[in-house]
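Here are a few exercises to work through with the model open in your viewer. Try each task before you read its solution.

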Amino acid sequence: DIFSGPAATPAGLEEALAQLGTFDVTNHSWGYAPTFLATAATQRHAALFEAALANGRGGLGTLAVKAAGNLAANANGEAIAASRATVIVGAYDDDGDVAPYANRGANLLVSAPSSGGRQAILTTDLTGDRGLSAGDYATDFGGTSAASPLVAGVVALMLEANPALGWRDIAAILAYSAREIGSGVAQVLH
């Protein structure tokens, strides 16, 4: 978790992002509001993602899988999400429809299951007071933050099967193997 410990400061976040290129695939279930305003910090962060894309995995590119966001807004308005250095993931509900909260935009490559319908994602949880729920599992994990790690896991399996795949290969395989389900328009429950 890049938001705990030493990485919880702005300098710590930048140091963590500077290490992206040492990994094959990373998941980013965080982001900024899509304001379409580039700040010095967001530009520096986007440059660190670009460096990982250019230099990670011996030049094949670190795959940075990133959640699109949960504001029902245009995901292109965030500098990192609008970068070619990220695989942007949206969310759909248990009926296969676009989750009503999920950010949209031309930068989304794929979507994955999440909350927004009758069910959410079941995941492990820290035990005791450190966790989000009383048990060892959380049954209400959702948002594009739940969809993104599912895609990161698929990417990791792809790289396990063929470590020579470049970042463009991974993006192409994800796009070609995706299929449309449900409605591309969010269903608002009343």
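**Exercise 1: a covered strand**

Strand β2 is mostly covered, with 5 of its 5 residues buried. Keep in mind that this is a predicted model.

Task: Find which residues of β2 lie on one side and which on the other.

Solution. Start from a general point: in a regular strand the side chains alternate between the two faces of the sheet. Now sort the residues of β2: Leu63, Val65 and Ala67 are on one side, and Ala64 and Lys66 are on the other. Finally, check the burial, for which the cut-off is under 20% relative accessible area. Both faces of β2 are covered, and the residues on each side are all buried.

**Exercise 2: from pairs to a sheet**

Task: Work out in what order the 4 strands form the open sheet, and which strands stand at the edges.

Solution. Step one is the pairing of β1 (residues 25-28) with β2, which is parallel and runs over 4 bridges. Two of the bridge partners here are Val25 with Leu63 and Thr26 with Ala64. Between these strands the chain goes from β1 through α2 to β2, a right-handed β-α-β crossover.

Step two is the pairing of β2 with β3, again parallel, over 4 bridges. Here Ala67 has Val89 of β3 as its bridge partner.

Step three puts the sheet together: the order is β1-β2-β3-β4, with parallel pairing. β1 and β4 each have a single partner strand, so one side of each is left without a neighbour in the sheet. On average, neighbouring strands are turned by 30° against each other, direction ignored.

One helix can be added to this picture: α3 packs on the sheet and touches β1, β2, β3 and β4. The direction of α3 makes about 160° with that of β2.

**Exercise 3: the nonpolar core**

Task: Say which elements give two or more residues to the largest nonpolar core, and which residues touch the most other members.

Solution. The core has 32 residues, and Phe49, Val65, Val89, Val151, Val155, Ile170 and Leu174 touch the most other members. The elements that give two or more residues are α1 (10-18), α2 (40-55), β2 (63-67), β3 (86-92), β4 (108-113), α3 (144-161) and α4 (167-177). The largest share, 6 residues, comes from α3.

To finish, select Leu174 and list its contacts. Leaving out residues up to four places away in sequence, Leu174 touches Val87, Leu109, Val110, Val151, Val154, Val155 and Met158.

Conventions. Residues numbered from 1 in each chain as written. Predicted model: local features only at pLDDT ≥ 70, side-chain atom pairs only at ≥ 80, totals over all residues. Heavy atoms only, no water. Core = buried A, V, L, I, M, F, W, Y, C linked by side-chain atoms within 4.5 Å. Buried < 20%, exposed > 50% of the residue type's maximum accessible area, 1.4 Å probe, protein only. Contact = heavy atoms within 4.5 Å. Pairing = 2+ DSSP bridges. Right-handed = clockwise from strand over helix to strand, strands pointing away. Axes fitted to C-alpha atoms, helices over the stretch in contact; angles between N-to-C directions.
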